[in-house]
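Here are a few short exercises to help you find your way around. Try each one on the structure before reading its solution.

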Amino acid sequence: MELAMAPETLARWQFGITTVYHFLFVPLTISLAALVAGLETAWVRTAKQKYLKATKFWGKLFLINIAMGVVTGIVQEFQFGMNWSAYSRFVGDVFGAPLAFEALIAFFFESTFIGLWIFGWDKLPKKIHCFCMWMVSIGTILSAYFILAANSWMQHPVGYKYNAANGRAELTDFWKVLTQDTTLVVVFHTLTAAFLTGAAFMVGIAAFHLMRKKHIKVMRTSLRLGLITLVISGILTAVSGDSLGKVMFKQQPMKMAAAEALWDKEEPAPFSVFAYGDVEKGHNTVAIEIPGLLSFLAHNDFRSPVPGINDVNKAEQQRFGPGDYRPNIPVAYWGFRWMIGFGMSSFAIGLAGLWLTRKKFWLAPGLRTGDDEPPHLALTKNKVLGARLSKWYWSLAFVTLGFPLIANSWGWIFTEMGRQPWAVYGVLRTSDAVSPGVSQGEVLTSMIVFTALYAILAVVEIKLLVKYIKAGPQELTDSDLNPPTKIGGDSTDADRPMAFSY
Amino acid sequence: MQLHDVWFVLIAVLWTGYFFLEGFDFGIGVHTKLLARDRQEKRVLINTIGPVWDGNEVWLISAAGATFAAFPDWYATLFSGFYLPLLLILVCLIVRGVAFEYRHKRTEERWQRNWENAIFWTSLLPAVLWGVVFGNIVHGVKIDAHKEYVGSVLDLLNPYAILGGLVTLTLFTFHGAVFASLKTTGDIRERARRLAAVLGALTLVPTVGFLGWTQADKGDAISLTAVIVVVAALVAALGANRLGREGWAFAFSGLAVVATVAMLFLTLFPNVMPSTLNESWSLTVGSASSSPYTLKIITWCAGFATPLVMLYQGWTYWVFRKRIGTQHIADAH
């Protein structure tokens, strides 16, 4: 059988396709839920209409997005058993528990309260309606936490023992799985990156409307919220990424050596800016490097040694027996760089935007703008960007709104492919994890079906998003402005149409 | 009673919750063609489950997740063995969820019609397929000494399992019609009741056949009680429906679903996936379960979470308790 069509390869491709696709929607869902909840809270507290308009507008985009997140998430719950039955048997005792927690606690929360929120505009007093979105937000964050705890266990298995009698891993300390450093930093990094994603999305769309001088009140507020979130989450993503890197240098030195295409131990170790190498021979032919920086990333000083791919490979051969323990080096190397590059570009655009659109700080009084005009892009106290440059900034913010999505995808591709050849690091090889009873044809069928279906749905989803983004926030109706005062709705007019209906 | 027995019951509870709730969801989906006369009526039906279908579906996710955690071997054998039917169910659930959310988002005729067709087929197919899946689980399939399914997909399409598929299809469609009569107002409510009377009678035929077959094959006194409850509940639901007591009719059609699932799990126990090749290769609650420690942890979780879920999901139904009719459906937006 050709390697390219081996069931393991196909199953990995399928997992990659379905999971990366699913994770396009997850970070937007996590961040937009909280941002929409924040906007609705502002409406409840201040009664300013712009907040309600913003809540409804971003809420609509959020719903288009979460629909896809939910349905592609069901696949995740099934496909461990479908394509990875040997894995499921081996790890179910450990890995299943956080998944069960996720379903029983987080998914029910999310799905029930989202229904209340969508249909509840004329059924719930506004405080309770707003509370529902906060519940959705909590659900999304809990869900992330449990599934990342499960993934972290695959990266760094703790709190288990191997039971030779039935040949599987068994849980001994669930608390450890939930609170090990891998879990905590991965959750921190994933959540901050999620907010970076939602913030860049919000900033991009706000920029699109402000450039056209449309929907100014709502979009000014959105821009401000987005920019602040983008800058804070950008900083925290970098900080958490640094912590995660340090944890990974300890726990999976191979992954980090591959991320740097560092073939042999160096002391101090340089950070690679660009490398082109020969994987077979195990060296780089071209390399541009910053001296000492890798030592800092791994150990917080500029001198300590960092082991290379060849060193770790030898060490793992001694530990686990003969074999090749190197992941796909170009994918790890470039995945790592695309992740940082795309993510931090968004952060830089946000930082620039926050400065350019500041309200008062170091800004001549004449350049301050009111609530109903688009902000000037002020470079210094008295100097604003010209029309062309301003347009250029707004356009840049708009066209890069998807950058964090690319960064997230590469981050996951890097972290999962960097762990290969292991499914559970040091414990279970990916080649031992696939379903032995599932045929090549079956995996191929499902891969084609999912890929085709997902491609069609992507087109549908993007078209819908474009339609609703272009339309912008809608005018408020009387019933929007007069939410019910009691649960179940005020019984003034029994035949009044529902505020929202499918 | 050991913890893995408790978990067998809990997983039965999760599946029961799923079939009780998404049972009428699937039924409503089928009724968009069977009962609804025009687009406005389709929308009335879809909106009776609008706020709740997503939460209802999570009962399935929980059943799968809990099976993974409590019985890894059951999860692994079932999902890898029933690969293609589950793939089809997955595709249906994906399209169906998107269809509910996206159908109203554009006004073009073709767009709306396509999603409406999608809602019908993606409700009908899983309604059949779940019965086929459970028919095979209860009947037993070709499982080898390594706990792997070694049959083909055609083996899953045996007469017994297909009869099981007919049971879930008719039962869910009946349950859905009763739900429609409970949640709607106006002309469609009356027609839902009339349709329910026919569907209830129609449900009795495959149900009595399938459960009778199961009882003869594997039953005991307790499972016989469950069969009697199913039949009695269906008859009572028909009676209540005839008297116009829609709440009672729904309670009884729900009881029929609950008792049917209970009957299947009763005859399954202590197996979880019987092998037709060799009885000693069957997966049982003992041989397929997780370690006592894991079971203890997830028992705490389920013990705390499940009642809470029932509480807030129940509250949702209360918030949206009012009937809806065509007058409540606003124009497309």
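A residue is buried if 20 or more other C-beta atoms lie within 10 Å of its own, exposed if 12 or fewer, and partly exposed in between. Keep in mind that this is a predicted model.

**Exercise 1.** Decide whether A:Ala261 is buried or exposed.

*Solution.* Start with the place: A:Ala261 sits in the loop between helix 8 (253-260) and strand 3 (271-278) of chain A. Next, count neighbours: A:Ala261 has 23 C-beta neighbours inside 10 Å, so it counts as buried. Finally, look at the backbone: phi of A:Ala261 is near 50 degrees, a positive value in a residue other than glycine.

**Exercise 2.** Do the same for A:Lys213: is it buried or exposed?

*Solution.* First find A:Lys213 in the loop that links helix 6 (181-211) and helix 7 (216-251) of chain A. Then count: 10 other C-beta atoms lie within 10 Å, so A:Lys213 is exposed. Its phi is positive too, near 55 degrees.

**Exercise 3.** Find which residues B:Ala118 touches, leaving out those up to four places away in sequence.

*Solution.* Begin in helix 6 (residues 109-139) of chain B, where B:Ala118 lies. The contacts are B:Val95, B:Arg96 and B:Ala99. Now take B:Arg96: it is 22 residues from B:Ala118 in sequence, yet their C-alpha atoms are 6.6 Å apart. With 19 other C-beta atoms within 10 Å, B:Ala118 is partly exposed.

**Exercise 4.** Identify which residue is joined to B:Pro270 by a cis peptide bond.

*Solution.* Go to the loop between helix 10 (246-268) and strand 1 (271-273) of chain B, which holds B:Pro270. The partner is B:Phe269, and omega is about 5 degrees.

Note on methods: Residues are numbered from 1 along each chain as its sequence is written. Chains are lettered from A and ligands numbered from 1 in the order in which they are written. This is a predicted model: local features need pLDDT of at least 70, side-chain atom pairs count only at pLDDT 80 or more; totals for chains, interfaces and linings use all residues. Helices (H or I, at least four residues) and strands (E, at least two) are DSSP runs, numbered from the N terminus. Two residues are in contact if their C-beta atoms, placed from the backbone, lie within 7 Å.
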